[in-house]
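Here is a short briefing to read alongside the sequence and the 3D view. Take a moment to turn the structure around, then work through the topics below.

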Amino acid sequence: MTAATAARPERWRPPSLFGSPGRRLAFWALVCAYLIWSLSTLNVDTARILAGLPRAWTILERMVPPDFSRWQLLLTGMVESIQIAIAATIVGAVLSVPLGIAAAANLSPRPLYLAARGFIVVGRTFHEVIIAIFFVKLFGFGPVAGLLTLAFSSAIFLGKMLAEDIENMKPGPVEAIRATGASFGQTFFYAVVPQVLVKTLGVLIYRLDSNLRHSTVIGIVGAGGIGQTLSASFTRYDFDFASAILLTIAAMVAFGEWFSDWARRRLR
Amino acid sequence: MTAHQQPPRGTAPARTYPDRWERYSPRERAVHWLWLGGIALAAAWSVSALDIEWAFFADAHEQAVDLVERMWPPRWSYLPRIVQPLIETLHIATLGTMIAVVFALPVAFLAARNTTWNQGTWLIGRAMLVLSRSINTVIWGLVFVAIFGPGPVAGICAVAARSVGFIAKLVAEAIEEVDAGQVEAVESTGATTLQVYGVAILPQILPVLIGTTIYRWDINVRESSVLGFVGAGGIGLLLYASINQFAWSQALVILIAILGIVIVSEVLSAYVRSRIV
């Protein structure tokens, strides 16, 4: 009797998030081991970081009144970024249709399907900046490389989403249209397009938004847009102009995201 | 008297029907053409203003052939040199994500309407989300390289700075959708605010928190492969150097290695998330 009462804990404790105390211990031990391993291999230069902290303060101080006096340069770069994003989304959307059809298991023959899927997997892996380097090599410095980079990655992204939508559509309408003796093109326009159109438009608007984000970075490797101006201002220690650019980018991206959310909500 | 009356006989039908079936009415078709025209205008404006040098297109295919010739065969002997930078890339992604989670939790509580103190703190939380999310990881890299100098520390900070907003936004949405009954039950026992957060809210948002974190980690592996371009450590440093020295066969080895780690991390992340959810 007394043993049973003694076994009851004095205070209530919430159940552990990890399931059992052993698992919690194992989790934290793993985290600690990882931290020790990674920090020892990274050979972090502590002295350099400590020296950097006061410098961080001076950089922040020089950033604080953002310098909008060179607004023409800023505007040119921003407009170029927006143009790259719009053009890349349109070109990417056009290219994504054949890619999406080829990558849909229910519409395309097996070898073509496998080739298209492989292309999508490899293309999606590389960051836009890496792809931009190659287009800069092929087409020279400037916005064309940026446009082609984003068009390429948009085509892959949109193609993947389109292929998934086509695979998930209802087979009924397709069979019905086919039963009337329609050709492949007619089947596509009358049975597939109506089923995937709304979703695809939503994905397209989302991609326009993310192209806007990416178009601000690819300038770092010389592919046009505001990124070029930003990168130059950092190398020239023009921190007040850099902070003006950063604020403008943040404002534009926030507006783009708001617009994309609004437009996609209206679509539904 | 019935509601449905027969139409009077002998009169002609009110509407004439077309002989041929058409999918859209003329009005619908006009709207479609208007949309297409608008898109074409946007495309024309954005392409024309970019002042494209069409001469570059003329020799692009030669350049591509040249590039492939220089790349092939990949210089496999370079592989041992890139193992350490690859590990560094993974460390940047992992440590950055870990730091991001620590900061994202309080920011998420600040930015969720039902856990923030007042309108002012909510706005502060939202502003932090917007600022963190709207600046790309690579641009954060530029900022932190200016502060800490080149190296993996700048990369870790850049990854963390971008990921805080991503994780906090999704977690804040989860907090707003938490079951209010459990919160009230814990509150009615006289628990403090922190106890309510820890006992009633945290267990409910835990799957979202873990899932989002792992998803962000796999994005971060991809992002940290290019952080080296701005000097923020990782494999990107070597890739950029190889390309600048026109050592394309070396660059190909690095690209294949990046392909490997990104695909492995994506598969791993998808597997773990499917186990949790």
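From the N terminus on, chain A runs α-α-α-α-α-α-α-α-α-α-α, which is 11 helices and zero strands. Please keep in mind that this is a predicted model. Chain B follows the pattern α-α-α-α-α-α-α-α-α-α-α along its sequence, again with 11 helices and zero strands.

**Overall form of chain A**

- Chain A has a radius of gyration of 27 Å, whereas a compact globule of 268 residues would come out near 18 Å.
- Taken along the principal axes, the box filled by the C-alpha atoms of chain A is roughly 80 × 75 × 40 Å.
- Of the 268 residues in chain A, 41% are buried.
- If you look at contacts in chain A between residues at least 6 apart in sequence, 71% of them join residues at least 24 apart.
- The domain assignment splits chain A into domain 1 (21–63) and domain 2 (71–267).
- The centres of domain 1 of chain A and domain 2 of chain A, taken over C-alpha atoms, are separated by 36 Å.

**Overall form of chain B**

- Chain B is more spread out than a compact globule, because its radius of gyration is 29 Å and the globule rule gives 19 Å for 277 residues.
- The C-alpha trace of chain B spans about 95 × 75 × 35 Å along its principal axes.
- Buried residues account for 39% of the 277 residues of chain B.
- Among contacts in chain B between residues at least 6 apart in sequence, 73% link residues at least 24 apart.

**Where the two chains meet**

- How many residues does each chain bring to the contact? Chain A gives 44 residues and chain B gives 47 residues.
- On the side of chain B that touches chain A, the elements giving two or more residues include α1 (26–48), α4 (79–111), α7 (152–176) and α11 (248–276) of chain B.
- The largest share of that side of chain B comes from α6(B), with six residues.
- By residue type, the side of chain B that touches chain A has 34 nonpolar, nine polar and four charged residues.

**The nonpolar core**

- The largest nonpolar core has 137 residues.
- Residues with the most contacts inside this core are Val129(A), Ala132(A) and Phe135(A) from chain A, together with Ala108(B), Ala168(B) and Val171(B) from chain B.
- Which helix gives the most to this core? That is α7(B), with 17 residues.
- Phe135(A) is worth a closer look: leaving aside neighbours within four places in sequence, Phe135(A) is in contact with Ala145(A), Leu148(A), Thr149(A) and Ala223(A).

**Backbone details in the loops**

- A cis peptide bond joins Trp72(B) and Pro73(B), with omega at about -5°.
- You will find Pro73(B) in the loop between α3 and α4 of chain B.
- Tyr237(A) is not a glycine, yet its phi is positive, near 55°.
- Tyr237(A) sits in the loop between α10 (226–235) and α11 (239–267) of chain A.
- Is Tyr237(A) buried or exposed? Tyr237(A) has 12 other C-beta atoms within 10 Å, and because a residue with 12 or fewer counts as exposed, Tyr237(A) is exposed.
- In chain B, Phe246(B) also departs from glycine, with a positive phi of about 55°.
- The loop between α10 (235–244) and α11 of chain B is the place of Phe246(B).
- Phe246(B) is exposed, because 10 other C-beta atoms lie within 10 Å and the cut-off for exposed is 12 or fewer.

**A lysine to locate in chain A**

- Lys199(A) is part of helix α9 (residues 184–215) of chain A.
- Lys199(A) is partly exposed, because its 17 other C-beta atoms within 10 Å fall between the exposed limit of 12 or fewer and the buried limit of 20 or more.
- Where does Lys199(A) lie relative to Arg55(A)? The two are 144 residues apart along the chain, and 49 Å separate their C-alpha atoms.

Technical notes
Residues numbered from 1 in each chain as written. Chains lettered and ligands numbered in written order. Predicted model: local features only at pLDDT ≥ 70, side-chain atom pairs only at ≥ 80, totals over all residues. Helix = DSSP H or I, 4+ residues; strand = E, 2+ residues; numbered from the N terminus. Rg over C-alpha atoms; globule rule 2.2 N^0.38 Å. Contact = placed C-beta atoms within 7 Å. Nonpolar A, V, L, I, M, F, W, Y, C, P; charged D, E, K, R; others polar. Domains from an automatic or database assignment. Core = buried A, V, L, I, M, F, W, Y, C linked by C-beta atoms within 7 Å.
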